[in-house]
Every structure is written in C-alpha cells, then in structure tokens.
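Trainee: I should like to learn how to read the features of a protein model. May we go through one together?

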Amino acid sequence: MSIWYVEDGKVSNAGSKPEQILRGLLGNDEQIGNLNAFTSLPAQYAALNFSVECLTAPKTVAGGSEDPQVAQISGLLDFDTASPISLLDYGAGKSRLLSGLAEIAAEQGKNLADSVSYFAFAPSPDDKENSLAVIEPIFGKETTRHFLANEDFFSSKDDASLDIVVMCNVLHEIAPNDWLKLFNEFSLIGRSLKDSGCLLIVEDQRIPTGEKAHKFGFLILDTAHLRTLFAVKSDDDKNGLFQVSDYRG
C-alpha cells in the first residue's frame, strides 16, 4: 500500500495493480523482452567467452606469493627438515610454483634453496626458457633441474630420489586413457618417488578460464573421484596415505 505511481499527470495508489505498475515502468512485452536480453548479456558473454577459450590450448601462467594455490602448497610442505626436500614440479610450465615458493620464503626471511631442492618436468619445450629464468637465480646452473622427457630425468637422477611430486592444475589436462601409464610403477612418478614420498595433486574446482586440454575436453576430479582413481580404502585414511586439504576450508 505504500507504492504510488503517476500516470497522465495523476497520482494513484498502486493497491492491487502491480502488473499495471510494472508495465508502466518496463513497457510492453517487446520492451520487456529487450530489457531481459540486455540484462542477460553479461552471462551470455561469459558463457560464449569460456566456450571460445575451450577451443584453444591451455595457457601457462606465472604466479607469486599471492597465488592462493601456491600459498596452499607452501602450507602443506614441511620445510623444517635436516636436508632440503627434493620436489618435482610435474607439468611445471613457467615454474610458477617455484616463483611463488621463493617469494613466500623471502617474506619469511629464508632462502628457499636451504629447504627445497626443486626440479621441473614439462614435456613441451615452449616454456623452458621462462622456467630456467626462475630456477637458475635460486639454484645456479651447476645441476640439471629442467627435464623434457623421462629419459632426461633418469640420466641424471636416481630412482626413488624424490620426496614429493606436485601436479598443480595438470591432471585435468591429461587424457584419461593416459592415466594408467602416468601413475604405474614404471612411470616417471612411480620410479622417482621414494617409498616415503608423496604425490600432491592440486586442482582448481572452478576453472576461471576455458581450455582445450585433450580430445575429451577436461575432467576436474574432486576428492571422491580421486579416491576411486587410486582405489583408496579407509585404512589408507587412517594411516595418512590419503589426505585432503580444501582451500575453502
């Protein structure tokens, strides 16, 4: 009863005539349709933009200490060890992970090289130069730390020599029919990890940018799906062999 409107120079109480008021404000059916189309444009644009992005190859990005994924990974790593932990960044791209970890260590007044021995693996050479530009100022050039193939890695590193393998935004880019050879005992991951080592899989559950990962598109695995993929049992949870960290808490 508190709504009043003006029509033809006369003021009236809206009363029980909301439809008349709305048509007076919005116009006829055609004008209402135009308004609906206009207000839905941002959502339509976002959907079309995401679809177009899904037709192009995924882009590698650079990161820093403000990157929430890097901050989350940093919080999971145990830097207080007698010797540096050996870490392989699988699908490293531009070594965004290393860049962010180094910034976090610097903010804490620490030298990352004292606690982490970093190695990068990326099958494509496209980002190798950018990756080395991050690696060499921290670790120097004496040790080979960037690898393009399994053979390259094992030509300079031993089996069971890594404490942790990190796959950050990588698994969804790999076709499912490659998963078995990716994780079997003869793979780079299977051979390089120590018996006490661990595999850390990090995935953004809400990918902000569309990407053409493989012929099936891409699959974002959440906790339940990863449990199925690795045949995780309740005893694995109890023994700390399968652990979950959700950035959203």
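Mentor: Let us begin with contacts along the chain. Of the contacts in the protein chain with a separation of 6 or more, 72% are between residues 24 or more positions apart. Please keep in mind that this is a predicted model.

Trainee: How many helices and strands does the protein chain have?

Mentor: The protein chain has eleven helices and seven strands. Its radius of gyration is 26 Å, well over the 18 Å that the globule rule gives for 249 residues, so the chain is more spread out than a compact globule. Taken along the principal axes, the box filled by the C-alpha atoms is roughly 90 × 40 × 40 Å. Of the 249 residues, 34% are buried.

Trainee: In what order do the strands of the open sheet lie?

Mentor: When reading a sheet, one follows the strands from one edge to the other. Here five strands form an open sheet with parallel pairing, in the order β5-β4-β3-β6-β7. At the edges are β5 (146-147) and β7 (193-202), each of which pairs on one side only. Helix α4, residues 68-76, packs on this sheet and touches β6 and β7. The direction of α4 makes about 155 degrees with that of β7.

Trainee: How many bridges join β6 to β7?

Mentor: Strand β6, residues 162-168, is joined to β7 by six bridges, and the two run parallel. As an example of one bridge, V165 has L199 in β7 as its partner.

Trainee: Is β3 enclosed or open to the outside?

Mentor: To judge this, one asks how many residues of the strand are buried, and then looks at each face. For β3, six of the six residues are buried, so the strand is largely enclosed by the rest of the structure. On one side I85, L87 and D89 are buried, and on the other S86, L88 and Y90 are buried, which leaves both faces covered. Strand β3 is also joined by six bridges to β4, residues 116-121, and these strands run parallel. Within that pairing, D89 has A120 in β4 as its bridge partner.

Trainee: Which strands form a hairpin?

Mentor: A hairpin is read from its two strands and the turn that links them. Here β1 and β2 form a hairpin, with two residues between them. Four bridges join β1 (residues 4-7) to β2 (residues 10-13), and the strands run antiparallel. In this pairing E7 stands opposite K10 of β2. In the turn, D8 has a positive phi of about 55 degrees.

Trainee: Why is a positive phi worth noting?

Mentor: The reason is that most residues other than glycine have a negative phi. Besides the turn of the hairpin, let us consider two loops. S95 is not a glycine, yet its phi is positive, at about 60 degrees. This residue is found in the loop between β3 (85-90) and α5 (96-107). S95 has a relative accessible area of 0%, so it counts as buried. N169 is not a glycine either, and its phi is positive at about 55 degrees. N169 is found in the loop between β6 and α8 (179-183). With a relative accessible area of 18%, N169 is buried; the cut-off for that word is under 20%.

Trainee: How many aromatic pairs are there, and how is a pair described?

Mentor: One considers the distance between ring centres and the angle between ring planes; an angle over 60 degrees counts as edge-to-face. The count comes to five aromatic pairs. In one of them, F147 and F153 are edge-to-face, 5.1 Å centre to centre with 75 degrees between the planes. The rings of F153 and F154 have centres 5.1 Å apart and planes at 85 degrees, so this pair is edge-to-face as well.

Trainee: Are these rings buried or exposed?

Mentor: F147, at 1% relative accessibility, is buried, and F153 is buried at 0%. F154 is buried too, with a relative accessible area of 18%. Together with F119, these residues form one aromatic cluster.

Trainee: Which charged residues lie over rings of this cluster?

Mentor: For such a feature, one looks for a charged end above the face of a ring. R145 lies over the face of F119, at 4.9 Å from the ring centre. R191 has its charged end over the ring of F154, 3.7 Å from the centre of that ring.

Conventions:
Residues numbered from 1 in each chain as written. Predicted model: local features only at pLDDT ≥ 70, side-chain atom pairs only at ≥ 80, totals over all residues. Heavy atoms only, no water. Phe/Tyr/Trp six-rings, centres within 6.5 Å; stacked < 30°, edge-to-face > 60°. Buried < 20%, exposed > 50% of the residue type's maximum accessible area, 1.4 Å probe, protein only. Lys NZ or Arg CZ within 6 Å of the ring centre and 35° of its normal. Pairing = 2+ DSSP bridges. Contact = heavy atoms within 4.5 Å. Axes fitted to C-alpha atoms, helices over the stretch in contact; angles between N-to-C directions. Rg over C-alpha atoms; globule rule 2.2 N^0.38 Å.
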